[in-house]
Amino acid sequence: MSEAQATGDQNEKRIPALVLSGFLGSGKTTVVQHLLADAATRGIRIALISNELGELGIDRALMGQGGQSYIELEGGCVCCELSDDLLETLVELKRDVNPDRFVIETSGVALPYDTQLNFWREPACDFIGDDMAVVVVNADQLAEGRDLEGTFEDQVQSADLLILNKLDLVPEADWPAVEARLREIEPEAPLVRAVRGDVELDLLFPPDAGELDRRGETPATRPHSHEQFETSEWNPEPGMTSEAIEAHLASAGLLRAKGFARTGQGIRLVQVVGRRVEITEPDSAPPEELLGRIVLIRRSEGLHSHD
Ligand SMILES: [Zn+2]
């Protein structure tokens, strides 16, 4: 790597990365399709690395739009045998494509946390931004109690966010029991319900405050069949301590948050990813207009009662 690449310049952006795991048949490819379609219409460039060879569902036509790129990693699993290949692929894509987002679709048996660890290795840690592990769960598999031990447990327990998918295959009366079964395995990770992989994509790649400004006052009008979420902005008082910000966010019932705060200790990048609240020093000063603005995403109250 050249010195210029290693040090970066003012325009050097960090690239957010998503690990999407789940058993064969969980419907994770459908979630990828939604991400690609959304990116194509909004001019966002996704680099997709797929390790899922059994579930060929990627619509190649989508890959030709808006500079999306696609690499398959074959011959093993990205969380273990192919972890060096994954790291190398990330570096190559960064160099050759410099995408806006990375999406890694793992094999059905991969452990998302082990896959995620590669983002923290040199040199990926120099250019990967916020990262998240999402596990897609087939509600029908839970309802039938199939294969709920071993790998399934490990996957679910290392998720930052669980997507309980294919709920249309289970009678609505059984949804609480299905959720309870998942909660026995993983009591704490945020869980959202989905049909045909339709999830609020802001949960996977949250907008920053500038993006909220561009969207204006009108909420997204994209038709969707998933639970309703609300996106709002919080402006912590300048000089607030990191501890106070963390305490506020930890108790706010958030699924995600992202922004910059002026704390008593300096400017801090603030993120909520599932159960994690991360407050870190940014590697470069953020644009002035984003300072003191934290985007919050949570479930909308009152729109999802099941009485
Ligand atoms: Zn593996």
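Before I turn to the hairpins, let me say that two strands count as paired here if DSSP finds at least two bridges between them, and that what we have in front of us is a predicted model.

With that in mind, consider strand 9, residues 256–263, and strand 10, residues 266–273, which pair in the antiparallel sense over 7 bridges and form a hairpin with 2 residues between them. Strand 10 is also joined by 5 bridges to strand 11, residues 276–280, and these two strands again run antiparallel. The hairpin of strand 10 and strand 11 likewise has 2 residues between its strands, and in this hairpin G274 takes a positive phi near 55°.

Which residues face V272 of strand 10 on its two sides? In strand 9 the residue standing opposite V272 is A257, while in strand 11 the bridge partner of V272 is V277.

Let me now move to the nonpolar core. The largest one has 69 residues, and the residues with the most contacts inside it are L18, V134 and I163. Strand 5, residues 128–138, supplies the largest share of this core, namely 7 residues. The core also draws at least three residues from each of the two domains, domain 1 spanning 3–203 and domain 2 spanning 209–299.

If we take L18 as our example and leave aside residues up to four places away in sequence, we find that L18 touches F102, V103 and I104, then M132 and V134, and finally L204 and F205. One of these neighbours, V134, is itself listed with L18 and I163 as having the most contacts inside the core.

Technical notes:
Residues are numbered from 1 along each chain as its sequence is written. This is a predicted model: local features need pLDDT of at least 70, side-chain atom pairs count only at pLDDT 80 or more; totals for chains, interfaces and linings use all residues. A nonpolar core is a set of buried Ala, Val, Leu, Ile, Met, Phe, Trp, Tyr and Cys residues joined through C-beta atoms within 7 Å. A residue is buried if 20 or more other C-beta atoms lie within 10 Å of its own, exposed if 12 or fewer, and partly exposed in between; C-beta atoms are placed from the backbone. Helices (H or I, at least four residues) and strands (E, at least two) are DSSP runs, numbered from the N terminus. Domain bounds come from an automatic or database domain assignment. Two residues are in contact if their C-beta atoms, placed from the backbone, lie within 7 Å.
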